Amino acid sequence: MNKPDRYIFDEDDVVVTHEKSYAAGVPAVLVSMRRAMEQMGPVRTARTFLKLNQRNGFDCPGCAWPETPGHRKHAEFCENGAKAVAEEATTRRVGPEFFAAHPVAELLEHTDYWLGQQGRLTHPMVLRPGATHYEPIEWDEAFAVIADELRRLESPDEAAFYTSGRTSNEAAFVYQLLIRAYGTNNMPDCSNMCHESSGTALVDSIGIGKGSVSVPDLEHADLILIAGQNPGTNHPRMLSVLEKSKANGAKVIAINPLPEAGLLRFKDPQKVHGVVGDGVAIADDLLQIRIGGDQALFQGLAKLILEAEDRNPGTVLDREFIAEHTAGFEAYAEHMRNVDLDTVIEATGLSLDQLHATADALVASEKTIICWAMGLTQQTHGVATIQDATSLLLLQGMIGKPGAGVCPVRGHSNVQGDRTMGIWEKMPESFLAALDTEFGITSPREHGYDAVDAIRAMRDGRVSVFMAMGGNFVGATPDTDVTEAALRNCALTVQVSTKLNRSHLVTGETGLILPSLGRTDKDLSGGRKQLVTVEDSMSAVHISRGGLKPAGKELRSEVAIVCGLAEALFGNDHSIPWTEFVGDYDRIRDSISRVVPGFEDFNTRVRQPDGFVLPHPPRDERRFETRTGKANFAVHALHWVPVPPGRLILQTMRSHDQYNTTIYGLDDRYRGVKGGRRVVFIHPDDITALGFAEGDRVDLVSEWELADGVEERRAKDFRLVPYPTPRGNAAAYYPETNPLVPLDHVARESNTPVSKAVTVRLERQS
Ligand SMILES: Nc1nc2c(c(=O)[nH]1)N[C@H]1C(S)=C(S)[C@@H](COP(=O)(O)OP(=O)(O)OC[C@H]3O[C@@H](n4cnc5c(=O)[nH]c(N)nc54)[C@H](O)[C@@H]3O)O[C@H]1N2
Ligand SMILES: Nc1nc2c(c(=O)[nH]1)N[C@H]1C(S)=C(S)[C@@H](COP(=O)(O)OP(=O)(O)OC[C@H]3O[C@@H](n4cnc5c(=O)[nH]c(N)nc54)[C@H](O)[C@@H]3O)O[C@H]1N2
Ligand SMILES: [Mo]
């Protein structure tokens with residue numbers, strides 16, 4: 001396969017224009033169609049888009065934003081959903097000839113973008129010890145290689161099994177079953193780097209780690225705060241919902257260091273007024289907060305709300321709710337009354353007027369929702385920040401009533417479902433006991449490794465077999481040099497994948513690639529049409545059924561891959577019916593219905609139009625299954641992120657043209673960047689103050705303080721782009737900046753890498 005010129009990554013071509021103040025509209029339609037036609041051609045494009053997010057179609061492999069119940073209509077997709085589909089449904093192929101032509105050492109020189117553009121993986125491939133090239137391997141031999149290596153380990157805890165969030169409920173369930181039957185809880189997953197802080201915070205605050213609102217709640221809210229999230233790029237369909245909320249009179253306040261286009265103005269490409277005209281302003285206010293300032297904001301707002309109650313007793317707080325449903329109010333209120341507003345102003349960079357105006361909006365609202373994503377979770381104090389946001393809602397009784405609640409907006413399309421199915425290194429005893437009863441196994445009870453701990457264990461030689469169900473572990477995790485060395489330290493690495501990525505090139509002594517079907521592909525495992533299910537960000541479970549001809553005859557479904565490996569590992573005579581599971585996924589769902597609460601009668605209920613919604617005790621009946629039996633007000637010391645002199649605080653984020661480590665193209669249309677990704681956005685005054693000029697090329701050097709000095713990490717050659725970010729803050733794209741994030745720079749309690757606040761200095765490119 002030759003390398004088309006336009007895929008060469010040439011930073012000299014990068015063009016920076018003015019950032020856009022609106023999202024979607026005509027360019028979005030044009031871009032999605034162009035990408036789709038390039039990858040799939042006209043017939044497959046039409047066939048694919050007609051099935052996207054339809055009742056008889058497949059779930060969009062893009063984000064986890066829900067479809068509006070009862071509104072699954074044609075073209076219920078967005079530009080970036082279309083790109084995600086085109087990327088998977090591409091007609092380009094990476095087969096044995098490709099690997100014969102390209103030694104691994106050469107492939108390592110290419111960008112993530114180039115790798116992804118080569119097409120779908122079609123054959124199981126093996127990189128044998130010392131080999132320079134991948135070569136084809138039969139499925140049975142591949143399974144035998146893995147099973148032999150797993151049997152050789154002294155303890156099952158010397159293996160780790162990663163999951164990325166596109167894996168269906170059925171595949172996730174059999175995967176965790178295989179792993180637990182084998183004997184370990186080492187189940188790092190992409191959630192560890194994503195919404196782990198949300199889960200950790202919410203379980204303690206309200207007794208369940210999931211959001212409490214649905215689409216109709218958003219549509220009927222009075223006030224919606226959107227903190228640390230860029231929906232115009234990452235959850236575009238959320239903008240249509242927000243447009244409705246606005247039409248119903250909601251006020252929307254964006255809390256973000258950047259004036260993100262989608263938050264400011266939105267043109268719905270599916271509506272006439274979106275195609276012509278100015279579109280709809282989404283955010284009424286933008287609180288342009290300093291990176292890491294959100295906890296201070298929520299604490300400051302709590303103080304102002306308590307003071308408003310003091311001025312007009314009985315009118316602001318929901319005293320009944322607090323008395324009946326919460327614990328810890330007195331200590332919380334005492335703490336918040338002592339918050340120093342000068343500190344809040346310094347930490348947030350906001351004005352006292354902005355704080356008062358936001359507090360007034362909260363006081364005036366009877367139905368408030370707080371939405372958030374990575375800007376809050378990937379912070380050292382992410383858990384505390386999210387608990388402070390939740391407590392702010394509790395003050396006014398905003399959980400368990402229509403139009404109000406907490407809304408962590410998930411990333412991968414089934415990341416929430418994977419966790420529900422047991423992909424977690426510390427599943428509760430009730431789940432493990434039910435699993436053991438269903439299958440006659442004894443699941444291990446000791447907690448396993450999450451993503452960061454798995455890297456540490458591989459680095460230190462405590463884990464030597466690494467298997468990944470999807471994702472791009474090397475590309476997505478922090479401290480790239482450390483992580484790559486850790487994987488190279490393994491005896492065996494196994495990647496179950498749809499597309500080529502860097503994780504196929506950084507391997508253990510033996511490396512395996514197992515090609516799998518994706519969401520859009522027809523699944524005929526066991527000789528019958530199979531369907532799978534997913535759970536969206538709002539706990540709705542529904543069917544996904546791909547319709548496209550798979551990329552090759554060798555491809556297997558994730559379920560078939562797990563069950564094939566299980567048979568090789570455990571033999572045919574095993575207490576778990578692996579063969580029957582592949583033959584009919586209904587059998588898997590039957591087991592799920594007996595193991596996972598809320599899935600009773602799974603097979604019938606999921607076949608109803610739009611599926612079903614899982615129980616959520618706080619939302620449904622204001623029941624809080626916490627240690628106190630009530631919703632907990634948490635008391636947290638205030639943390640924020642001061643900027644050391646001559647340094648910047650860097651956040652690492654997504655461009656408009658990528659899906660995590662999959663790079664669709666080199667533009668970031670809404671931020672005005674074209675043709676390159678090695679850019680760093682900085683306030684123009686900081687560029688000058690630090691002695692640079694617009695367009696200068698710099699290395700980013702991160703500084704990580706240790707007891708005995710400062711550890712440095714470097715990412716080379718970024719272009720300085722003046723941008724309206726707060727002073728002292730900067731932004732650049734992930735994954736190029738992952739080498740800068742120290743492995744130990746993690747959120748307290750959730751162990752999530754702090755990808756949104758890395759201390760860096762700029763060095764002139766030498
Ligand atoms: N097209 C597309 N869709 C996606 C993805 C994708 O890569 N591409 N990824 C999917 C996944 S897995 C996820 S988790 C989601 C991610 O969705 P987002 O969380 O929206 O993704 P990020 O680009 O990381 O954006 C973080 C936002 O937080 C802001 N921010 C940074 N630091 C702070 C801070 O300290 N405080 C506040 N208030 N804001 C801050 C940034 O300016 C940015 O707007 O999207 C999902 N959907
Ligand atoms: N610095 C920094 N790092 C971050 C983040 C950040 O904001 N900043 N965000 C973090 C977040 S929120 C997340 S979720 C992680 C993402 O981490 P991952 O989920 O590990 O990464 P992805 O890039 O989504 O994985 C893409 C690969 O998944 C495979 N794939 C796609 N679809 C399928 C499928 O259906 N089945 C199988 N088997 N494989 C499939 C393809 O081979 C593709 O190359 O990254 C995290 N890392
Ligand atoms: Mo994510």
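Start by selecting ligand 2 together with its surroundings: 31 residues lie around it, and those that come nearest are Y162, S164, A476, E558 and T661, where a residue counts as near if one of its heavy atoms lies within 4 Å of the molecule. What you have open is a predicted model, in which local features need pLDDT of at least 70 and side-chain atom pairs count only at pLDDT 80 or more, while totals for chains, interfaces and linings use all residues. Residues are numbered from 1 along each chain as its sequence is written, chains are lettered from A and ligands numbered from 1 in the order in which they are written, and side-chain values use heavy atoms, with hydrogens and water left out.

Next, colour the shell by residue class: around ligand 2 there are nine nonpolar, 17 polar and five charged residues, with Ala, Val, Leu, Ile, Met, Phe, Trp, Tyr, Cys and Pro counted as nonpolar, Asp, Glu, Lys and Arg as charged, and the others, Gly among them, as polar. If you then colour by domain, using bounds from an automatic or database domain assignment, you will find that ligand 2 lies between domain 1 (94–192 + 414–517 + 553–606) and domain 3 (648–764), because both give residues to its shell.

Now show the polar contacts of the ligand, meaning pairs of N or O atoms within 3.5 Å. A polar backbone atom of G471 is 3.0 Å from an oxygen atom of ligand 2, and a backbone N or O atom of K499 lies 2.8 Å from an oxygen atom of the ligand. At E558, a polar side-chain atom lies 2.6 Å from a nitrogen atom of ligand 2. Taken alone, the ligand exposes 930 Å², of which the protein buries 96%, with areas from the Shrake-Rupley method and a 1.4 Å probe.

Then move to Q229, in the loop between β8 (223–227) and α10 (231–234). Q229 has a relative accessible area of 2% and is therefore buried, a word used for values under 20%, with exposed meaning over 50% and partly exposed in between (1.4 Å probe, protein chains only). Leaving aside residues up to four places away in sequence, Q229 touches H235, M238, N256, L263, C371, W372, A373 and V409, contact meaning heavy atoms within 4.5 Å.

Finally, select R764 in strand β31 (residues 758–764), which counts as partly exposed at 48% relative accessibility. The side chain of R764 reaches the backbone oxygen of G691 at 2.9 Å, and a polar contact of 3.2 Å joins it to the side chain of D696.

Terms used:
A polar contact is a pair of N or O atoms within 3.5 Å; within protein, one must be able to donate a hydrogen and the other to accept it, and residues adjacent in sequence count only if both atoms are side-chain atoms. Helices (H or I, at least four residues) and strands (E, at least two) are DSSP runs, numbered from the N terminus.
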